[in-house]
Amino acid sequence: MKKIITKICLGIMMVCSLFFPNMVSHAAGLASADSAVIDIENYEVAEGGLNPGEQVTIKIKVKNNSEVSNAENTVVTLEATNGALAPVYGEDNQIYIGTVPAGQTKEVVVNAVVSKQFNADSAQLKCTFDYVSGTVALDNTVTINIPANVSGNLIVESTVVAENATKGVNSLVSIRCKNAGTTAITDGKLVITGNVQEENKAIQLPNITAGKTISEDYYVSFTESGIQSLQLEYQYTDAKGNLCTVNCGEYKVNVANMAASTGNNVVVEQVGGTSPLMLKIILLGAVLLMAAGVTVGYLKGHR
């Protein structure tokens, strides 16, 4: 009897070995909660201005928002979405940044030439970051808006809006502005036009004393999914009582539904063409047939 049981067990193992190598488990290329997150903390026009045909130098401070994971082999690809800027002669639109340690920043210097046909209030620069966190290749895209003309006493130094968000979940908007006047701005507010919660559409700014620069982070929550447009501007009253408006630019944000945005999944992928249910049926049938064959053989041999 032991020989029969042994033969049946060996048969089961042989059948299983024919099918299970076709099952592969692997982690999907998605960010986890501990993954590095590369973003733009702030930026400034260090030299020159957005004048047709002239060269401009832009300093961008890149930050890894993760507190535990480094971003390795970081590369940024630059693209002027409205064709206003182009790399200077001899330079590329890709800049190698290297490793950005967890929680730290690195500065990127961009030298560009303003188009001779440039005639707009601002230039948008799309920054796509590709990097590796652990063993996972990730990317993030941020568009910055560079004002061409300065009007009034409140100067827009940087505005950063993440290009990807989730409906109903807070999304970061970072601003940096300077009061270039001689009197304090006490009633300034950031006005956001778009499909966001009502309480996000007018955000009160702190008092900005003369000559002071402020950097603030705010959050908006989108009410609609899909490609959404956000128009940002500052509003304040100057020393003469006039209402001043400063345009911060328009931004496109890809807003996903909550169910479609969950990450850190593990996917089990079947390489072969047989479904899991069919595989179980075939495996069970083969085992039963082998058991029946062994039993019949045993009975014949003992007649």
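This report walks through the strands, sheets and a few chosen residues of one protein model.

**The whole protein**

Keep in mind that the model you are looking at is predicted. The protein has 303 residues, and 35% of them are buried. For secondary structure, you will find two helices and 18 strands. About 17100 Å² of surface is exposed, with carbon and sulfur atoms supplying 53% of that area. Take the contacts in the protein with a separation of 6 or more: 69% of them are between residues 24 or more positions apart.

**The seven-stranded sheet**

Let's start with an open sheet made of seven strands. Reading across, the order is E6-E4-E8-E9-E10-E12-E15, and the pairing is antiparallel. Which strands stand at the edges? They are strand E6 (94-100) and strand E15 (213-221); each has a single partner strand, so one side of each has no neighbour in the sheet. From one strand to the next, the twist averages 20 degrees.

You can zoom in on one pairing here: strand E4 (residues 71-80) runs antiparallel to strand E8 (residues 122-133), with seven bridges between them. Alanine 80 has leucine 125 in E8 as its bridge partner.

**The four-stranded sheet**

There is also an open sheet of four strands, in the order E2-E3-E7-E5, again with antiparallel pairing. Its edge strands are strand E2 (38-47) and strand E5 (85-87), and each of these pairs on one side only. The twist in this sheet averages 40 degrees from one strand to the next. E5 is joined to strand E7 (residues 105-114) by three bridges, and the two run antiparallel. Look for alanine 86, which sits opposite valine 113 in E7.

**Strand E13 and its partners**

Next up is strand E13 (residues 189-193), which is joined to strand E14 (residues 202-204) by three bridges in an antiparallel arrangement. E13 also pairs with strand E16 (residues 226-237), again in the antiparallel sense, this time over five bridges. Leucine 190 is a handy residue to click on: it stands opposite isoleucine 203 in E14 and opposite tyrosine 234 in E16.

Here are the strand pairs met so far, side by side:

| Strand pair | Bridges | Direction |
|---|---|---|
| E4 and E8 | seven bridges | antiparallel |
| E5 and E7 | three bridges | antiparallel |
| E13 and E14 | three bridges | antiparallel |
| E13 and E16 | five bridges | antiparallel |

**A look at asparagine 179**

Now for a single residue. Asparagine 179 lies in strand E12 (residues 170-179). Is asparagine 179 buried or exposed? Its relative accessibility is 0%, so it counts as buried. Leaving aside neighbours within four places in sequence, asparagine 179 is in contact with Asn153, Leu154, Ala184, Ile185, Ile208, Thr209, Ala210, Gly211 and Lys212. Take alanine 210 from that list. Asparagine 179 and alanine 210 are 31 residues apart along the chain, yet their C-alpha atoms are separated by 5.6 Å.

**The cysteines**

A disulfide is a covalent bond between the sulfur atoms of two cysteines. How many disulfides does the structure hold? The count is zero. Why does cysteine 177 have no such bond? The closest cysteine sulfur belongs to cysteine 248 and is 7.9 Å from the sulfur of cysteine 177, which is too far for a bond. Cysteine 177 counts as buried because its relative accessibility is 0%. Cysteine 244 is buried too, with a relative accessible area of 16%; that value still qualifies because the cut-off for buried is under 20%.

Terms used:
Residues numbered from 1 in each chain as written. Predicted model: local features only at pLDDT ≥ 70, side-chain atom pairs only at ≥ 80, totals over all residues. Heavy atoms only, no water. Buried < 20%, exposed > 50% of the residue type's maximum accessible area, 1.4 Å probe, protein only. Contact = heavy atoms within 4.5 Å. Areas by Shrake-Rupley, 256 points an atom, 1.4 Å probe, with all protein chains shown as cover. Pairing = 2+ DSSP bridges. Axes fitted to C-alpha atoms, helices over the stretch in contact; angles between N-to-C directions. Disulfide = S-S within 2.5 Å.
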